[in-house]
Amino acid sequence: MTGADNLRCPRCQLLMRPEEYESHRVQFCSTCWGYWLEAETLQAILDEHQYKFSKGERSTLMALMRSAGDIDRSGRESELIDCPQCGRQMERRKWIDGCPVEVDQCPDHGIWLDTGEIKELQIFAESRDKE
Ligand SMILES: [Zn+2]
Ligand SMILES: [Zn+2]
């Protein structure tokens with residue numbers, strides 16, 4: 001459960017705050033703009049597609065996603081981080097097979113998304129549905 005309040009951002013160690021993301025409850029870090037959420041919540045957000053991207057937005061983000069592979073998340077973003085709920089080191093893995101976006105996941109508690117990753121996943125889910 002991410003129902004727990006007073007969780008600290010795994011990157012900044014600052015308190016996250018509960019937020020609504022497309023009517024789902026998530027924890028948001030207003031310093032690094034990352035999201036902490038349950039795997040089921042992320043799945044629901046991706047299934048619902050409440051937010052429709054414009055063509056321009058989509059192509060910009062798709063281009064970013066393609067170049068992200070080359071850039072190789074340098075610096076702090078490549079560091080493994082700890083689960084805000086149990087403190088164990090999270091696994092970095094692709095969200096699902098074939099997905100270019102890697103997320104940090106605690107198998108028991110949830111998923112950490114760095115800024116922008118939630119949108120990248122939404123675009124990925126949307127383009128996958130069209131195929
Ligand atoms: Zn943060
Ligand atoms: Zn955990």
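## Briefing: core, sheet and loops of a predicted model

The largest nonpolar core of the protein has 22 residues, and those with the most contacts inside it are Y35, W36, L37, V103, I111, W112 and L113; a nonpolar core here is a set of buried Ala, Val, Leu, Ile, Met, Phe, Trp, Tyr and Cys residues joined through C-beta atoms within 7 Å. The elements that give two or more residues to this core are β3 (35-37), α1 (39-48), β5, β6 (110-113) and α3 (117-130), and α3 gives the most, with 4 residues. This is a predicted model, in which local features need pLDDT of at least 70 and side-chain atom pairs count only at pLDDT 80 or more, while totals for chains, interfaces and linings use all residues. Residues are numbered from 1 along each chain as its sequence is written, and chains are lettered from A and ligands numbered from 1 in the order in which they are written.

**Overall make-up**

- The protein holds 3 helices and 6 strands, where helices (H or I, at least four residues) and strands (E, at least two) are DSSP runs numbered from the N terminus.
- Read along the sequence, these elements follow the pattern β-β-β-α-α-β-β-β-α.
- Of the 131 residues of the protein, 26% count as buried; a residue is buried if 20 or more other C-beta atoms lie within 10 Å of its own, exposed if 12 or fewer, and partly exposed in between, with C-beta atoms placed from the backbone.
- Among contacts between residues at least 6 apart in sequence, 43% join residues at least 24 apart, a contact being two residues whose C-beta atoms, placed from the backbone, lie within 7 Å.
- As a general matter, nonpolar side chains tend to be buried together in soluble globular proteins.

**The sheet**

- The 6 strands form an open sheet in the order β1-β2-β3-β6-β5-β4, with antiparallel pairing; two strands pair if DSSP finds at least two bridges between them.
- The edge strands are β1 and β4, each of which pairs on one side only.
- The twist averages 35° from one strand to the next, with axes taken as lines fitted to C-alpha atoms, for helices over the stretch in contact, and angles running from 0 to 180 degrees between N-to-C directions.
- Helix α1 packs on the sheet, where it touches β1, β2, β3 and β6, and its direction makes about 120° with that of β2.
- At one edge, strand β1 (residues 17-21) is joined to strand β2 (residues 24-28) by 5 bridges in the antiparallel sense, and P18 stands opposite Q27 in β2.
- At the other edge, β4 and β5 pair in the antiparallel sense over 4 bridges, and the bridge partner of E91 in β5 is Q105.

**Strand β6 and its neighbours**

- Both faces of β6 are covered, since G110 and W112 on one side and I111 and L113 on the other are all buried.
- Strands β3 and β6 pair in the antiparallel sense over 3 bridges, and in this pairing W36 stands opposite W112 in β6.
- On its other flank, β6 is joined to β5 by 3 bridges, again antiparallel, with I111 in β6 as the bridge partner of Q105.
- Strands β5 and β6 form a hairpin with 3 residues between them.
- Leaving aside residues up to four places away in sequence, L113 touches G34, Y35, V103 and I118.

**Loop residues**

- W95 lies in the loop between β4 (91-94) and β5 (102-106), and W95 counts as buried because it has 22 C-beta neighbours inside 10 Å.
- W95 touches V101, V103 and L121, not counting residues up to four places away in sequence.
- The C-alpha atoms of W95 and A39 are separated by 9.8 Å, although these residues are 56 residues apart along the chain.
- In the hairpin of β1 and β2, which has 2 residues between the strands, E22 takes a positive phi near 50°, and E22 is partly exposed, with 14 other C-beta atoms within 10 Å.
- S23 is also in the loop between β1 and β2; its phi is near 65°, a positive value in a residue other than glycine, and S23 is exposed because 9 other C-beta atoms lie within 10 Å.
- Q85 is found in the loop between α2 (55-71) and β4, and with 18 C-beta neighbours inside 10 Å it counts as partly exposed.
- Q85 and N6 are 79 residues apart in sequence, while their C-alpha atoms are 9.8 Å apart in space.
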